[in-house]
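New to this one? Here is a quick tour, grouped by topic, to read with the structure open beside you.

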Amino acid sequence: MNILDIHTHVLPEEPGSALVCIGCGPLPREEGHWFCAGLHPWDVTEGFDNQLNVLEKLLANPQVVAVGECGFDALKGPSYELQEQAFVSQVQLSEQFRKPMILHVVRDFDSVIRLRKQLKPTQPWLIHGFRGGPEQMNQLYAQGILVSFGLKHNPESLKAVPSERLFLETDGVGPISQVISDAATLRVTSPETIQYQITQNTTQLLSPGS
Ligand SMILES: [Zn+2]
């Protein structure tokens, strides 16, 4: 596994270099890519059980190595109750298939922390597109919740994150090389070092059976 970009929606030029989020499918036929399948909080509807059945089939595919993006959005999407039901169902799938979760969280970190404590999942959760400050980041780390950084981020957090927890993403906008070189400048290191670290981290997070 050689993933640099932990969250995107477009197939990378170099197959296998990104975790591509496909929602509830369909699964692209291209070989050599890694995918993440899940029900986005914006897309949750009353009849989301049907989508969960589709999701379950996708998760059985070895090219699908994570569940997501799923989570909570306080500004957009259906009611909180419905978002929570869909999220908890996906936590169950994540545990069943032993695949970690990639989370979309807008203004509701408390729900994620509360459910992490309550459900005690064994699989890692990673909040993508994190823009919070170091204090919030450390609160999440204390609960075993990881974060990833894109082009828009809080530089103090990106500076403070320990190397073994560093994850970067494009979310489908621009090349990952840009995010890597920005992070290298900020952390006063080389892009090669960053590249090595994030590949190690993504492999550890997503390798089947780990
Ligand atoms: Zn996204």
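Let's start at V91, which sits in helix α2. Keep in mind that everything here comes from a predicted model. V91 counts as partly exposed, because 19 other C-beta atoms lie within 10 Å, and a residue needs 20 or more to be called buried. Setting aside residues up to four places away in sequence, V91 touches L119 and P121. For a sense of scale, V91 and T193 are 102 residues apart in sequence, and their C-alpha atoms are 33 Å apart in space.

**How α1 and α2 pack**

- The helix that holds V91, α2, covers residues 80–97, and its axis comes within 11 Å of the axis of helix α1, residues 48–59.
- The two axes cross at roughly 20°, so α1 and α2 count as roughly parallel to each other.
- As for handedness, the crossing of α1 and α2 is right-handed.
- On the α1 side, the contact is made by F48, L52, L55, E56 and L59, while α2 brings A86, S89, L93 and F97.
- Sorted by class, the residues in this contact of α1 with α2 come out as 7 nonpolar, 1 polar and 1 charged.

**How α6 and α7 pack**

- Helix α6 runs over residues 176–186 and helix α7 over residues 191–206.
- Their axes are 8 Å apart and the packing angle is about 110°, which means that α6 and α7 are roughly perpendicular to each other.
- The crossing of α6 and α7 is right-handed.
- Which residues meet here? From α6 they are I180, S181, A183 and A184, and from α7 they are P191, I194 and Q195.
- The contact of α6 with α7 has 5 nonpolar and 2 polar residues, with no charged ones.

**The nonpolar core**

- In soluble globular proteins, nonpolar side chains tend to be buried together.
- The largest nonpolar core here has 55 residues, and the members that touch the most others are L19, C36, L103, L126 and L168.
- Strand β4, residues 64–73, gives this core its largest share, 6 residues.
- Not counting residues up to four places away in sequence, L19 touches I3, D5, I6, H7, W34, C36, A66 and L206.
- C36 therefore turns up twice: as a contact of L19 and as one of the core's best-connected members.

**Backbone oddities**

- Most residues other than glycine have a negative phi, and most peptide bonds are trans.
- The peptide bond from G25 to P26 is cis, with omega near 0°. P26 is found in the loop between β2 (18–21) and β3 (34–37).
- Another cis peptide bond joins G68 and E69, where omega is about 0°. E69 belongs to strand β4.
- D171 is not a glycine, yet its phi is positive, near 55°. Its place is in the loop between α5 (155–160) and α6.
- Is D171 buried or exposed? With 21 C-beta neighbours inside 10 Å, D171 counts as buried.
- V188 also has a positive phi, near 50°, and lies in the loop between α6 and α7.
- V188 is exposed, because just 7 other C-beta atoms lie within 10 Å and the cut-off for exposed is 12 or fewer.

**Two more loop residues to click on**

- P41 is in the loop between β3 and α1. With 26 other C-beta atoms within 10 Å, P41 is buried.
- What does P41 touch? Leaving aside neighbours within four places in sequence, P41 is in contact with C70, G71, F72, D73, G77, Q83 and H104.
- P41 and E192 are 151 residues apart along the chain, with 35 Å between their C-alpha atoms.
- V173 lies in the loop between α5 and α6. V173 is partly exposed, with 14 other C-beta atoms within 10 Å.
- V173 and L151 are 22 residues apart along the chain, and their C-alpha atoms are separated by 8.7 Å.

Methods
Residues are numbered from 1 along each chain as its sequence is written. This is a predicted model: local features need pLDDT of at least 70, side-chain atom pairs count only at pLDDT 80 or more; totals for chains, interfaces and linings use all residues. Axes are lines fitted to C-alpha atoms, for helices over the stretch in contact, and angles run from 0 to 180 degrees between N-to-C directions. Helices (H or I, at least four residues) and strands (E, at least two) are DSSP runs, numbered from the N terminus. Angles under 35 degrees count as roughly parallel, over 145 as roughly antiparallel, 65 to 115 as roughly perpendicular and the rest as oblique. A crossing is left-handed if the near helix is turned anticlockwise from the far one by less than a right angle, and right-handed if clockwise. Two residues are in contact if their C-beta atoms, placed from the backbone, lie within 7 Å. Ala, Val, Leu, Ile, Met, Phe, Trp, Tyr, Cys and Pro count as nonpolar, Asp, Glu, Lys and Arg as charged, and the others, Gly among them, as polar. A nonpolar core is a set of buried Ala, Val, Leu, Ile, Met, Phe, Trp, Tyr and Cys residues joined through C-beta atoms within 7 Å.
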